[in-house]
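Hi everyone, thanks for making time today. I'd like to walk you through a structure that is new to most of you, so please have a look at it on the screen.

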Amino acid sequence: MYKRRRRKTHRKRILAARYRIWKRRKGEYTVYMPTDDMIYSGGNGSGLSFYIKYAEESTPEDPVVIAKGVDENGKEFEQTIHINRISPRSATLVEMRALEAHLNVDKNGGLSSLPLVEGLEQMGLNDRGDFLRMFEKTIGDMTLLRQKEAAAYYQYSMQTYWDWWDRQK
């Protein structure tokens with residue numbers, strides 16, 4: 001009985017947060033349909049929507065991508081991102097999506113390998129976060145909830161980013 005009531009309360013909070021995000025949006029939401037040359041196409045709940053392609057000057061030693069899209073305020077943007085310069089300890093959502101796509105991280109049948117933490121869906125274009133700490137928090141939460149498979153998946157994803165980062169140093 002208590003667990004059922006607790007789940008309903010949690011669901012209500014999530015739905016209320018989603019409604020506030022939806023209500024806050026102004027005008028239209030831009031969606032980029034994937035094409036053959038895109039390595040990522042998507043966005044988040046803040047209104048940030050973008051796609052990522054490899055740049056012409058990209059090489060295996062220095063992979064470079066171009067991210068184009070619309071930020072959370074509806075303004076168009078274009079960023080050049082050097083993959084080898086990304087730090088998962090202080091990265092934007094766009095940088096982590098570029099890294100995720102470049103490394104071809106297993107998404108476990110979902111939309112993302114990135115952790116499910118509060119605030120990630122509200123990250124704007126220039127907001128930075130410590131994604132490795134977010135992974136650690138998500139793994140702890142999944143372990144606490146006895147979601148062993150989810151905890152193992154996020155541990156695997158975090159290890160993929162750690163291994164890549166260690167090779168860059």
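I'll begin with the overall layout, then go through the sheet, the helices and the salt bridges.

One thing to keep in mind from the start: this is a predicted model. The chain has 169 residues, and 39% of them count as buried. Its secondary structure comes to 4 helices and 6 strands. If you trace the chain from the N terminus, the elements come in the order α-β-β-β-β-β-α-β-α-α. Of the contacts with a separation of 6 or more, 46% are between residues 24 or more positions apart.

Let's turn to the sheet. Here 4 strands form an open sheet, ordered β1-β2-β3-β4, with antiparallel pairing. The edges are β1 and β4, each of which pairs on one side only. Going from one strand to the next, the twist averages 15°.

Let me take the pairs at the two ends of that order. β1 and β2 run antiparallel and are joined by 5 bridges. One residue to find there is G43, whose bridge partner in β2 is S49. And what packs on the sheet? The answer is α2, which touches β1, β2, β3 and β4, and its direction makes about 45° with that of β2.

At the other end, β3, residues 64–70, is joined to β4 by 7 bridges, again running antiparallel. Within this pair, V65 stands opposite I81 of β4. The two strands make a hairpin with 5 residues between them, and in the turn you'll find G74, which has a positive phi of about 85°.

β4 itself, residues 76–82, is a nice one to rotate on the screen, with two faces to look at. Which residues sit on its covered face? They are F77, Q79 and I81, whereas E76, E78, T80 and H82 are on the uncovered one.

Now back to α2, the helix on the sheet. Why do we say that α2 is largely enclosed by the rest of the structure? Because 9 of its 11 residues are buried. The buried residues are L93, V94, E95, M96, R97, A98, L99, E100 and A101. Just after α2 comes N104, with a positive phi near 55°.

Next, the last two helices of the chain. How are α3 and α4 arranged? They pack at an angle of about 160°, and their axes are 9 Å apart. An angle over 145 degrees counts as roughly antiparallel, and α3 and α4 are therefore roughly antiparallel to each other. Their crossing is left-handed. If you'd like to pick out the residues that meet, α3 contributes L132, F135, E136, T138, I139, M142 and T143. On the α4 side, the residues they meet include Y154, M158, Y161, W162 and W165.

Finally, the salt bridges. How many are there? The count comes to 7 salt bridges, and I'll show you three of them.

We can start with K53 and D37, whose side chains meet at 3.1 Å, N to O. K53 is in strand β2 and D37 is in the loop between α1 and β1, so this pair ties together parts that are 16 residues apart in sequence. K53 is partly exposed, at 25% relative accessible area, and D37 is partly exposed too, at 42%.

The second one joins D130 and R89, with the closest N and O atoms 3.1 Å apart. D130 lies in the loop between β6 and α3, and R89 in the loop between β4 and β5, so the pair ties together parts 41 residues apart in sequence. Is D130 buried or exposed? At 19% relative accessibility, D130 counts as buried, because buried means under 20%. R89 counts as partly exposed, at 29%.

The third brings us back to α2: the side chains of E95 and R128 meet in a salt bridge of 3.0 Å, N to O. This pair links distant parts of the chain, with E95 in helix α2 and R128 in strand β6, 33 residues apart. E95 is buried, with a relative accessible area of 15%. There is also a network, in which salt bridges that share partners join R89, D130 and R133.

That's my tour, and thanks for listening!

Definitions and conventions. Residues numbered from 1 in each chain as written. Predicted model: local features only at pLDDT ≥ 70, side-chain atom pairs only at ≥ 80, totals over all residues. Heavy atoms only, no water. Buried < 20%, exposed > 50% of the residue type's maximum accessible area, 1.4 Å probe, protein only. Pairing = 2+ DSSP bridges. Salt bridge = Lys/Arg side-chain N within 4 Å of Asp/Glu carboxyl O. Axes fitted to C-alpha atoms, helices over the stretch in contact; angles between N-to-C directions. Parallel < 35°, antiparallel > 145°, perpendicular 65-115°, else oblique. Left-handed = near helix turned anticlockwise from the far one by under 90°. Contact = heavy atoms within 4.5 Å.
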